[in-house]
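User: Please take a close look at one loop in this model, and at the backbone there. Then set that loop beside other local features of the chain.

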Amino acid sequence: MAISSSCSSIKAVNTRWASPSPSPSSRFSLLPTSIHRRYATNIKLTATSAALETVEQTTLTEDNKFSSAGSDSDQDIPTLPKPRILVAEKLGEAGLNLLRDFGDVDCSYELSPEDLKKKVAESDALIVRSGTKVTREVFEAAKGRLKVVGRAGVGIDNVDLQAATEHGCLVVNAPTANTVAAAEHGIALLASMARNVAQADASIKAGKWERSKYVGVSLVGKTLAVMGFGKVGTEVARRAKGLGMNVISHDPYAPADRARALGVELVSFDQAISTADFVSLHMPLTPATKKVFNDETFSKMKKGVRLVNVARGGVIDEDALVRALDAGIVAQAALDVFCEEPPSKDSKLIQHENVTVTPHLGASTKEAQEGVAIEIAEAVAGALKGELSATAVNAPMVAPEVLSELTPYIVLAEKIGRLAVQLASGGKGVQSIRVVYRSARDRDDLDTRLLRAMITKGIIEPISDSYVNLVNADFIAKQKGLRISEERMVVDTSPEYPIDSIQVQILNVESNFAGAVSESGDISIEGKVKYGVPHLTCVGSFAVDVSLEGNLILCRQVDQPGMIGQVGNILGEQNVNVNFMSVGRTVVRKQAIMAIGVDEEPNSKTLERIGGVSAIAEFVFLKL
């Protein structure tokens with residue numbers, strides 16, 4: 001890879017490039033119509049307890065009325081037109097050939113927004129990369145004809161997902177084909193940074209010969225912390241081991257057996273950053289990871305650490321990185337991604353002499369581009385045939401009456417999952433989840449697919465770039481090594497309501513809040529819907545009752561007078577509004593759990609003051 005040339009190019013001019021920016025947190029959405037109306041069979045889908053089943057299949061006749069698919073009058077059925085597929089950005093030839101075998105392909109590149117709107121009105125599918133904005137106006141211009149949008153890559157921030165769903169359009173992406181390319185680029189940056197390749201190249205081309213200035217460091221025997229042990233992180237670790245490096249990793253979802261098989265030790269976040277000689281970032285950009293590498297994080301690192309980022313620019317506070325470089329905490333950084341792409345040409349970070357940069361080249365190999373082309377072509381063609389894709393980022397239709405009844409419980413399920421995963425800690429990773437539904441209804445009367453999908457979404461999305469919905473929930477969980485078992489307990493309540501309570505247990509992990517650990521030794525939280533609003537009703541062995549709105553503070557404390565007042569005063573002094581408060585205890589004057597709902601996020605000093613209250617044994621702040 002031409003690292004030195006790329007680096008010089010960025011530092012010299014404000015180059016144009018494709019800019020796949022951080023993926024937004026997706027909403028759980030439902031696809032309201034069939035995806036292949038014009039040219040194929042019309043399949044009506046209905047929800048069952050196991051999967052979506054085809055219950056009726058009909059074919060279009062010449063006058064657009066329906067007749068039985070098994071009719072003897074097949075000779076009267078006309079040849080239906082092939083779907084029209086608009087490819088708005090360059091796609092590998094292998095992918096185009098697949099599409100041409102299935103439909104009529106229109107390759108029209110660099111379309112203006114107006115031209116794009118005209119084209120989609122005559123198209124059944126649209127394929128883009130990151131440079132084309134598929135806005136609400138584009139979907140409106142399609143007037144219902146556009147059935148599939150394929151994003152040739154991972155991030156889908158350039159596609160309006162809500163508008164796509166509202167207009168009955170499925171959105172699919174290609175998340176796996178560029179894994180090896182990204183890993184190779186990470187290793188290339190790692191090695192070139194360690195040996196000052198880019199800087200030495202620029203120096204020699206400027207007519208200098210500075211051997212003593214560019215003495216590097218060896219990789220053998222050094223500790224590399226891989227922050228995020230997903231597909232790319234795993235491949236980076238595999239290659240780093242081959243270079244003789246000691247590899248550790250932090251990832252709350254990484255299966256311990258998979259890490260051990262590669263000779264990688266899973267550790268906590270703080271242990272990873274404080275012991276590493278090199279840190280390679282492979283984490284998604286989520287609210288939890290945004291600017292997670294900041295002044296505080298850099299202050300915990302070993303002096304002289306070297307940093308590589310081929311993931312997402314937003315996980316690093318770029319101003320803090322400049323300060324760490326100037327202070328010598330970070331000796332060097334090699335970056336392929338940035339908060340703003342392309343970055344400004346006068347950026348202090350870009351121009352820093354100890355920084356190597358490339359213009360988001362992680363997936364830019366011929367092989368990766370062909371792989372992405374094939375993956376997205378197969379996904380789009382499959383969707384046009386009516387198949388449900390595992391890479392869909394919005395969901396298919398669910399019976400309206402089922403959705404209406406379950407809506408408040410869907411919200412509860414996601415929030416309970418989101419809370420549970422924030423209570424897990426340590427290097428072992430979340431692998432086993434048990435979900436217990438308490439209901440007065442018979443088993444056949446309760447469809448839990450939506451609830452399971454939303455629990456999976458709540459557990460995975462806060463620290464992952466995966467989009468979880470009804471279509472791909474089980475697939476994503478399996479991909480992450482997450483085993484989810486479901487149990488149903490019959491309770492003596494009114495069958496008018498589908499669910500009495502939902503309990504989520506995370507098995508065989510340590511907790512950052514001991515009060516959340518039940519008598520069985522597992523993290524356990526439970527919730528109910530009250531008056532249409534989700535409530536947290538149990539934490540570990542402690543009964544509480546707090547509305548799941550805003551954010552949540554949990555405190556384990558000595559059960560004594562004045563505790564509510566002390567914590568309330570601390571929050572009030574900082575203008576943090578308390579919307580709900582509840583105290584649960586097992587024995588009077590022993591231990592209790594105080595659950596506090598807050599509208600705003602308290603700053604770190606406020607949280608420190610709460611933790612400093614002598615009667616409080618531990619506390620945790622949880623984002624909803």
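Analyst: Helices and strands here are DSSP runs, a helix being H or I over at least four residues and a strand E over at least two, and they are numbered from the N terminus. The model is predicted.

In those terms, the loop chosen is the one between β21 (523-530) and β22 (533-539), and Y531 sits in it. Y531 is not a glycine, yet its phi is positive, at about 55°. Most residues other than glycine have a negative phi. Exposed means over 50% relative accessible area. Y531, with a relative accessible area of 86%, is therefore exposed.

H360 offers a second case of positive phi in a residue other than glycine, with a value near 55°. H360 belongs to the loop between β15 (355-357) and α14. Buried means under 20% relative accessible area, so H360, at 18% relative accessibility, counts as buried. The two residues thus share a positive phi of about 55° or near it, but H360 is buried whereas Y531 is exposed.

Another loop has a backbone feature of another kind. The peptide bond that runs from E341 to P342 is cis, and its omega is near -5°. Most peptide bonds are trans. P342 lies in the loop between β14 (330-335) and α13 (348-351).

Turning from loops to helices, α2 (residues 93-102) has G95, L96, L99 and F102 buried. Because these residues span an arc of only 120° around the axis, they lie on the same side of α2. An α-helix has 3.6 residues a turn, so residues three or four places apart point the same way. The cover over the buried residues of α2 includes the strands β4 (84-87), β5 (104-107) and β6 (125-128), and also helix α14 (366-384). H360 is in the loop that leads from β15 to this α14.

Elsewhere, helix α6 (residues 179-194) packs against helix α8 (residues 231-242) at an angle of about 50°, the axes being 8 Å apart. That angle makes α6 oblique to α8. Their crossing is right-handed. On the α6 side, the contact is made by T179, V180, A182, A183, E184 and I187, and on the α8 side by K231, V232, E235, V236, R239 and A240. By type, the residues of this contact are seven nonpolar, one polar and four charged.

Technical notes:
Residues numbered from 1 in each chain as written. Predicted model: local features only at pLDDT ≥ 70, side-chain atom pairs only at ≥ 80, totals over all residues. Heavy atoms only, no water. Buried < 20%, exposed > 50% of the residue type's maximum accessible area, 1.4 Å probe, protein only. Arc of directions from axis to C-beta. Contact = heavy atoms within 4.5 Å. Axes fitted to C-alpha atoms, helices over the stretch in contact; angles between N-to-C directions. Parallel < 35°, antiparallel > 145°, perpendicular 65-115°, else oblique. Left-handed = near helix turned anticlockwise from the far one by under 90°. Nonpolar A, V, L, I, M, F, W, Y, C, P; charged D, E, K, R; others polar.
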